[in-house]
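Here are a few exercises to work through with the structure open beside you. Try each task before reading its solution.

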2 protein chains.
Amino acid sequence: MAQKFTTREQDYSKWYNEIVGRADLAENSDVKGCMIIKPYGFAIWEKMKDELDKQFKATGHSNAYFPLFIPKSYLSKEASHVEGFAKECAVVTHYRLKNAEDGSGVVVDPSAKLEEELVVRPTSETIIWSSYRKWIQSYRDLPILINQWANVVRWEMRTRIFLRTAEFLWQEGHTAHATRAEAIEETEKMLDVYAKFAEGHMAMPVICGLKTESERFAGADETYCIESMMQDGKALQAGTSHFLGQNFAKAFDVKFADKEGNLEHVWATSWGVSTRLMGALIMTHSDDEGLVLPPKLAPIQVVAVPISKTPEGLAEISAKMNDLGDKLKAKGISFKYDDDDNRRPGWKFAEYEAKGVPIRLAMGPRDLENGKIEVTRRDEKTKEIHDFDGVEEFIERLLEDIQTNLLDRAMKFREERTQKIDSYDDFKLKIESEGGFFLAHWDGTKETEEKIKQDTKATIRCMPLDVEKEEGVCMVTGNKSVGRVVFAKAY
Amino acid sequence: MAQKFTTREQDYSKWYNEIVGRADLAENSDVKGCMIIKPYGFAIWEKMKDELDKQFKATGHSNAYFPLFIPKSYLSKEASHVEGFAKECAVVTHYRLKNAEDGSGVVVDPSAKLEEELVVRPTSETIIWSSYRKWIQSYRDLPILINQWANVVRWEMRTRIFLRTAEFLWQEGHTAHATRAEAIEETEKMLDVYAKFAEGHMAMPVICGLKTESERFAGADETYCIESMMQDGKALQAGTSHFLGQNFAKAFDVKFADKEGNLEHVWATSWGVSTRLMGALIMTHSDDEGLVLPPKLAPIQVVAVPISKTPEGLAEISAKMNDLGDKLKAKGISFKYDDDDNRRPGWKFAEYEAKGVPIRLAMGPRDLENGKIEVTRRDEKTKEIHDFDGVEEFIERLLEDIQTNLLDRAMKFREERTQKIDSYDDFKLKIESEGGFFLAHWDGTKETEEKIKQDTKATIRCMPLDVEKEEGVCMVTGNKSVGRVVFAKAY
C-alpha cells in the first residue's frame with residue numbers, strides 16, 4: 001500500500017529531501033532559497049527553541065531584539081568581518097513602490113532611494129556593538145549577556161532545506177565582558193550548553209573543538225564548534241561559539257572604565273545555532289521509512305490507532321484509549337488518538353512512521369477482549385503485546401529508553417566510522433571509499449590544510465578539545481604536529 | 001534625590017518617551033525608524049507572547065514560518081491590497097556587495113541585480129495564500145489554522161517607539177475555511193481571544209467593534225478591532241481580526257473540492273497584534289513616577305530591598321528575605337532580592353517604581369526586631385507594615401488585587417471620558433476641550449466620515465459590537481443612522 005520511497009543506500013540526498021516532504025516538515029517557497037517551515041516542522045523547532053531558551057536563561061542571559069537592517073557602512077568597520085560576510089547579502093536600496101504607469105502592477109519608485117543602502121542582517125555583531133557603545137561606560141555595566149532569536153539572510157546560491165537556506169531562523173548570543181578570561185569562559189560555557197543540548201535532547205553525539213584559523217568566524221579570535229556525523233559519514237557543524245577578543249570593541253570604539261578608572265576595550269563573544277539543527281536531527285536518526293525523532297523533541301510522543309470494524313467495538317476501544325491518553329498526559333507525555341474513519345489503520349501506521357512518532361499504540365477487538373495493547377517503538381520498529389493495565393508506566397520508561405537508544409546508536413555509528421590515520425595515501429583512498437571521520441596529524445599550516453582540501457574535498461572539522469594530546473608528524477608534510485585533528489567531508 | 005521627569009500634564013508625548021527610557025524598555029537604533037527592544041522591555045513582550053501563543057494553541061492553531069521576502073508582483077495580485085500596502089516598503093534590489101575600488105568600504109555590486117525585486121513583508125497574506133494554493137485541494141484539507149510570529153516592515157516616516165516603527169514584531173494568523181460562516185466565526189473568535197487577553201492580562205479595557213469601510217484592512221470584507229483609551233483620552237487600535245472573504249483565494253486561485261466534488265473558492269481570515277501592545281500597556285497604566293505593570297505581565301512581580309547599616313543586620317534581613325523569596329517562588333511569584341551595596345535604598349525605590357514592579361518589600365532593623373515588613377503597592381503607591389509571618393499569603397492576594405484594580409481604574413477612566421453626543425457643534429468643541437470617546441450617530445457614508453476627520457481630526461474608531469442598537473439621526477447631516485459609533489482622535 002505504501003508508496004516506494006528512495007532509500008539512503010540509493011540516493012542519500014534524495015532520501016533527505018523526501019523525508020522532509022513525507023514528514024511534512026518544510027518546503028521550498030516561491031522565493032529562491034527561502035523555505036516555508038510547515039506546522040509539524042515548526043513544532044519540532046519550537047521544542048528545540050524552548051529548551052535552548054531555558055538553558056540560556058538558566059546561564060544568566062536575557063533576550064532582546066535588534067534591527068533587521070544594518071547600514072552598509074557598519075559591515076566594513078571590522079576589517080576581517082566584512083571579508084567574511086559582505087559578499088552575499090540582501091540589499092535594500094529603496095523604500096517605496098508605486099503603481100506602474102501602464103497599469104501592469106507596481107514598480108520601484110526611483111525617487112525613494114535610500115541615502116545609504118541597508119543590508120538585511122547576515123548576523124548582528126555590527127549593529128549590536130554599535131548599541132553596546134552607548135550602553136557601556138563602566139565595569140558596573142558589565143557583563144552584558146544578551147541573546148536574540150531572529151531571522152537572518154545570507155544569499156546562498158546552492159540551497160537545501162534546513163541545511164543551507166537564504167533566510168533561516170537562529171539565535172545569536174552577544175556578550176560583553178571586562179576581561180579576556182571571562183569572555184573565554186563564556187565562549188566555552190555556551191559551547192557546553194550546545195553540546196549538552198545536542199546530546200541530551202537531540203540524541204546527537206558531537207565533538208567539541210576549535211576551528212582552524214581558515215575556518216574561523218569572520219572577526220573572531222577563536223571559533224569553538226560542535227561537529228556531528230550524519231548517516232552518510234559526512235560532518236555537519238551544528239553550532240558555533242566565538243571568542244571575539246576586542247575586535248568589535250575596537251571597531252566600534254567600546255571602552256569601559258575599570259575600578260581604577262582606566263579605559264579598556266571590552267571583550268566579546270557571540271554564539272549561535274539555527275534551523276540547520278533540524279537538518280542535523282533528520283540526518284542523524286531517520287531511516288528508510290521516514291523521520292525518527294528523539295522523544296524529547298517529538299511534538300507527538302505517543303499515537304494510538306484503533307482497529308475495529310464495528311461502531312460498538314470502536315466505542316469500547318475509544319473509551320480505553322482516551323482513558324490511557326489522560327493517564328499519559330498527566331505524566332506530561334503528549335498523546336494523540338487518531339480515530340479518523342476516513343483512513344485505514346495501515347495508512348495511519350505509515351503516516352506516523354514517516355512523521356517519526358516515537359511510540360505507536362494499536363488496539364483491535366482481540367486485544368480489547370484479552371486486556372492487551374500493541375506497543376510499537378519507532379526507533380527499532382519492534383512491537384510487543386503488553387497488558388493494558390499499567391501500560392502507561394511501560395510507555396513512560398520506553399520513551400526514556402528510546403531517547404537513550406538513539407544516542408547510543410548514533411554514538412556507535414560515529415565510533416565505527418572514526419579512525420586514526422597516518423598515511424596520506426590511505427587517507428585519500430579511504431575518505432572516498434569509506435567516508436567518516438579521520439583523526440590525523442597535521443602540521444598546523446594553512447597551506448597543508450588547503451592542499452588536503454584541494455586533493456580530497458575533506459576539511460579540518462575541528463581540533464578536538466577532549467582528546468589526549470598526542471605529538472606526531474603531519475600525514476602530508478612529515479612536519480611536527482601537536483595533536484590529531486578531525487578531517488571529514490562536510491555539509 | 002530623584003531626577004525630575006516630565007509629567008503627563010506637562011507633556012504627554014514627552015512623558016511617554018521618558019517612561020520608555022526610564023524603565024529601560026527600548027530605544028531608537030541607528031537605523032531610521034527601527035527600534036531596539038531592550039531586555040526588560042523584551043521580557044514583558046515575551047510574557048505577552050507566551051500567553052497569546054497559549055491561547056492560539058488552545059483554539060486549535062499551529063505556528064509555522066513563511067519567507068521574509070515577497071516577490072514584488074505578488075503584492076499587485078489582490079487589487080485593494082496593493083492600494084493599501086505597496087506604497088511604503090523596504091525593497092531589496094540586489095543580493096551582493098563588493099569592496100569599493102577606492103578601498104573606502106563596500107558598495108552594491110551592480111552585477112548582482114535581482115530579476116524581480118523583493119519586498120520585505122509588510123504583512124504575509126500574499127506569500128501565504130500563494131502557498132495555500134498548493135496545500136488545498138479538497139474539503140479534507142480545511143480548515144488550515146496557522147499563526148506566525150515574525151518581524152514585518154512598513155516604511156513609516158513618523159515613528160514612535162512601540163506605537164509606530166518601521167520594523168516591528170507581531171503575530172499574524174492566516175486561516176482558510178470551507179464556508180463563509182466558519183470564517184466569520186473564526187474572525188470573531190480571535191477578536192475575542194484578543195479582547196480577553198487585553199482585559200485579563202494587560203488590565204486594559206477594550207471596545208470590540210467593526211471598522212468602517214474606509215478604515216478596513218486592504219483586502220478585507222470586514223475588519224474587527226479592539227480599541228482602547230489611553231490616558232490622554234486618545235484611542236489606540238490594539239488588535240485587528242479580518243474576514244477576508246474569498247478575495248485572496250480569488251487573487252491566488254485557491255479552490256477546494258467540496259463533498260459533492262464542486263470546486264469552490266476558499267474563505268479566509270487574518271488577525272494580528274504587535275509590539276504596539278507595549279505602547280498601549282505603557283499608556284494605559286503608567287504614572288508620573290514611571291511604568292506601572294499589571295502583575296500578570298511583570299517580569300519581576302515582587303522586589304525586596306534591605307535597609308541596614310551593619311553587616312550583621314544585613315545578614316539577618318537577607319536570611320529572612322531569601323526565605324520569603326523561596327516561599328513566593330514556590331507560589332509561582334517572580335521575586336528579586338536587591339542587596340546591591342553600591343546603591344542606596346532610595347535609589348532602588350525610585351528605580352523599581354520607574355520599572356513598574358507591582359510590589360516592593362522593605363525591611364529595616366526595627367521591622368526585623370518587631371517581626372514586620374513594609375509592603376508597598378506600585379499602583380496606588382500606598383504602603384503598609386505587615387506581620388512578616390504569613391506575608392506571602394498577603395502578597396499573593398495583593399497581586400490579584402493590583403491586577404483587578406488596574407483594570408477597574410482604567411475602566412473607570414474610560415467611562416468618565418466617554419459620552420453620548422448629538423450636536424456636531426458640541427462635538428467639535430468637546431473633542432478639543434475634553435477629548436475621550438464620543439458615541440454619536442453617523443449616516444454611514446464615507447463623505448460624512450471624511451468631513452468629520454477634516455474638521456476635527458477625529459475618526460470613527462469602530463462600530464461597537466456590544467451595544468444596544470439605537471436608531472437616530474446623523475449629527476452632521478441629519479440623515480438616518482442605525483446606531484451610535486465611537487469617535488475619537490487616535491494613535
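**Exercise 1.** Find out which strand of chain A is joined to β5(A), and in which direction the two run.

*Solution.* Keep in mind that you're looking at a predicted model. Step one: start at β5(A) and look for its partner within chain A, which turns out to be strand β8, residues 113-120. Step two: count the bridges between them, and you get three, with the strands running antiparallel. Step three: pick out one facing pair, such as Val92(A), which sits opposite Leu118(A) in β8(A).

**Exercise 2.** Work out which strand of chain B is joined to strand β5 of chain A, then write down the order of the open sheet.

*Solution.* First, cross over to chain B: strand β5 of chain A (residues 91-94) is linked by three bridges to strand β5 of chain B (residues 91-94), again antiparallel. Here Val92(A) faces Val92(B). Next, read off the whole open sheet, which has six strands in the order β4(A)-β8(A)-β5(A)-β5(B)-β8(B)-β4(B), paired antiparallel. Its edges are β4 (69-71) of chain A and β4 (69-71) of chain B, each of which pairs on one side only. Going from one strand to the next, the twist averages 45°.

**Exercise 3.** Determine what turn lays chain A on chain B, and which residue of chain A comes closest to the rotation axis.

*Solution.* Start with the superposition: a turn of 180° with a shift of 0.0 Å along the axis puts chain A on chain B with an RMSD of 0.0 Å. That's how a two-fold axis relates two copies. Now look for the residue of chain A closest to the axis: Val92(A) is the one, with its C-alpha at 2.1 Å.

**Exercise 4.** Describe how many residues of the two chains are in contact, and what kinds chain A brings.

*Solution.* Begin with the count: 50 residues of chain A contact 50 residues of chain B. Sort those on chain A's side and you have 30 nonpolar, 11 polar and nine charged. Then compare the two sides: 100% of chain A's interface residues are also interface residues in chain B, so the copies meet through the same surface.

**Exercise 5.** Step back and list the domains of chain A.

*Solution.* Go along the chain: the assignment gives domain 1 (12-285), domain 2 (300-400) and domain 3 (418-488). Between domain 2 of chain A and domain 3 of chain A, the C-alpha centres are 49 Å apart. For the inventory, chain A has 14 helices and 27 strands, and 47% of its 491 residues are buried.

How values were computed:
Residues numbered from 1 in each chain as written. Chains lettered and ligands numbered in written order. Predicted model: local features only at pLDDT ≥ 70, side-chain atom pairs only at ≥ 80, totals over all residues. Domains from an automatic or database assignment. Least-squares fit on C-alpha atoms with pLDDT ≥ 70 in both. Contact = placed C-beta atoms within 7 Å. Nonpolar A, V, L, I, M, F, W, Y, C, P; charged D, E, K, R; others polar. Pairing = 2+ DSSP bridges. Helix = DSSP H or I, 4+ residues; strand = E, 2+ residues; numbered from the N terminus. Axes fitted to C-alpha atoms, helices over the stretch in contact; angles between N-to-C directions. Buried ≥ 20, exposed ≤ 12 C-beta atoms within 10 Å, placed from the backbone.
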